[in-house]
Amino acid sequence: MSQGQPRRRQGEEGMHAQDKPVKFGDVLDVSGELADQPVAPRDAARLQAAEQSVLGGTQKGGPAAVLQSAATVNARAGHVGRAQTACPVADAGATVTETELAGRRVVTESVGGQVVGKMVSPAPVAMTDPPGALEKDAVTIGRALEAVGAMVGDRPVEQSDAAAVQVAELCATGSDSTVPGGLAAAAQSAADQNARATRDEDKNAREKLPADKGATREDAERVVSAEIRNKLDMATTPGGVADAVTTAARLNQERPRP
């Protein structure tokens with residue numbers, strides 16, 4: 001995440017070193033007493049409960065998931081007890097807070113009084129009934145992708161872009177696999193080469209998609225999640241794929257009803 005990104009400085013070596021416990025400082029960007037404390041199951045459980053309360057579940061690759069892996073290793077090796085907890089965590093707890101700033105959703109995770117993760121994404125799309133995405137003139141996912149191509153120009157394609165385009169394509173087509181030679185394949189190829197894309201594929205997105213549909217809140221959430229999971233700073237790209245699909249979904253939901 002953008003601050004306190006789960007660290008990998010000892011990586012797999014730290015996780016599999018059975019002769020010594022995995023400490024908070026091995027897997028998270030923390031300091032002081034907390035960094036030297038072994039991760040225990042109750043520590044991980046506290047942050048998992050906080051993520052569940054605010055985010056609806058444990059985030060893949062997030063701080064809670066990282067702590068759970070470390071705690072499992074420590075418990076199996078007998079380094080910590082099931083009821084054990086680190087003193088700083090017992091004192092300050094584990095929290096997840098959510099705020100909205102300038103139209104962006106900011107989620108901050110803290111353990112033992114130290115920030116261990118921050119996720120920045122577009123503000124969630126409000127639900128309406130009936131959903132505007134079902135209207136004939138709804139803003140489609142294809143149109144959203146074309147808007148990205150027009151805005152970002154020749155910015156190099158990153159893995160987060162490719163992941164977001166892949167999910168957007170799946171949402172648009174309703175398929176469980178990408179289209180051979182389609183938008184997602186082109187984006188992934190460019191990302192693999194760290195290429196500076198011409199974005200011609202995105203500019204003609206609706207022609208390249210075998211099917212298209214109005215963007216929904218669920219589509220936006222899936223695309224945002226894909227983009228964030230593939231960025232080290234855990235923040236969506238301004239004007240990128242996640243932003244565009246979220247904007248399309250918001251326009252569909254907030255459109256005036258006859």
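Two strands pair if DSSP finds at least two bridges between them. Helices (H or I, at least four residues) and strands (E, at least two) are themselves DSSP runs, numbered from the N terminus.

This is a predicted model, in which local features need pLDDT of at least 70 and side-chain atom pairs count only at pLDDT 80 or more, while totals for chains, interfaces and linings use all residues. Residues are numbered from 1 along each chain as its sequence is written, and side-chain values use heavy atoms, with hydrogens and water left out.

**Overall**

The protein has 13 helices and three strands. Of its 258 residues, 49% are buried, where buried means under 20% relative accessible area, exposed over 50%, and partly exposed in between (1.4 Å probe, protein chains only). The exposed surface is about 12,300 Å², and carbon and sulfur atoms supply 49% of that area. Accessible areas come from the Shrake-Rupley method with a 1.4 Å probe; for residues, only the protein chains shown count as cover. A contact means heavy atoms within 4.5 Å. Among contacts between residues at least 6 apart in sequence, 68% join residues at least 24 apart.

**The strands**

Strand S2 (residues 104-111) has eight of its eight residues buried, so it is largely enclosed by the rest of the structure. In a regular strand the side chains alternate between the two faces of the sheet. In S2, Arg104, Val106, Thr108 and Ser110 point one way, and Arg105, Val107, Glu109 and Val111 point the other way.

S2 pairs with strand S1 (residues 94-101) in the antiparallel sense over eight bridges. Thr95 is opposite Ser110 of S2, and Val96 has Glu109 of S2 as its bridge partner. The hairpin of S1 and S2 has two residues between the strands, and Ala102 takes a positive phi near 55 degrees there.

S2 is also joined by eight bridges to strand S3 (residues 114-122), and these two strands run antiparallel. Arg104 has Pro122 of S3 as its bridge partner. The hairpin of S2 and S3 likewise has two residues between the strands, with Gly112 at a positive phi near 60 degrees.

Positive phi values are listed below.

| Residue | Place | Phi |
|---|---|---|
| Ala102 | hairpin of S1 and S2 | near 55 degrees |
| Gly112 | hairpin of S2 and S3 | near 60 degrees |
| Gly78 | just after H5 | about 80 degrees |
| Gly174 | just after H8 | about 75 degrees |

**Helices H5 and H8**

The expected span of a helix is 1.5 Å times one less than its number of residues. For the 14 residues of H5 (residues 63-76) this should be 20 Å, which agrees with end C-alpha atoms 20 Å apart. Buried residues of H5 include Pro63, Val66, Leu67, Ala70 and Asn74.

H8 (residues 159-173) has 15 residues and reaches 21 Å from its first C-alpha to its last, close to the 21 Å expected. H8 is mostly covered, with twelve of its 15 residues buried. Among them are Ser160, Asp161, Glu169 and Cys171.

**Asp219**

Asp219 lies in helix H12 (residues 217-229). This residue is buried, with a relative accessible area of 6%. Not counting residues up to four places away in sequence, Asp219 touches Ile141, Cys171, Lys213, Gly214 and Val245. Of these, Cys171 is a buried residue of H8. The side chain of Asp219 makes a polar contact with the side chain of Lys213 at 2.5 Å. A polar contact is a pair of N or O atoms within 3.5 Å; within protein, one must be able to donate a hydrogen and the other to accept it, and residues adjacent in sequence count only if both atoms are side-chain atoms.
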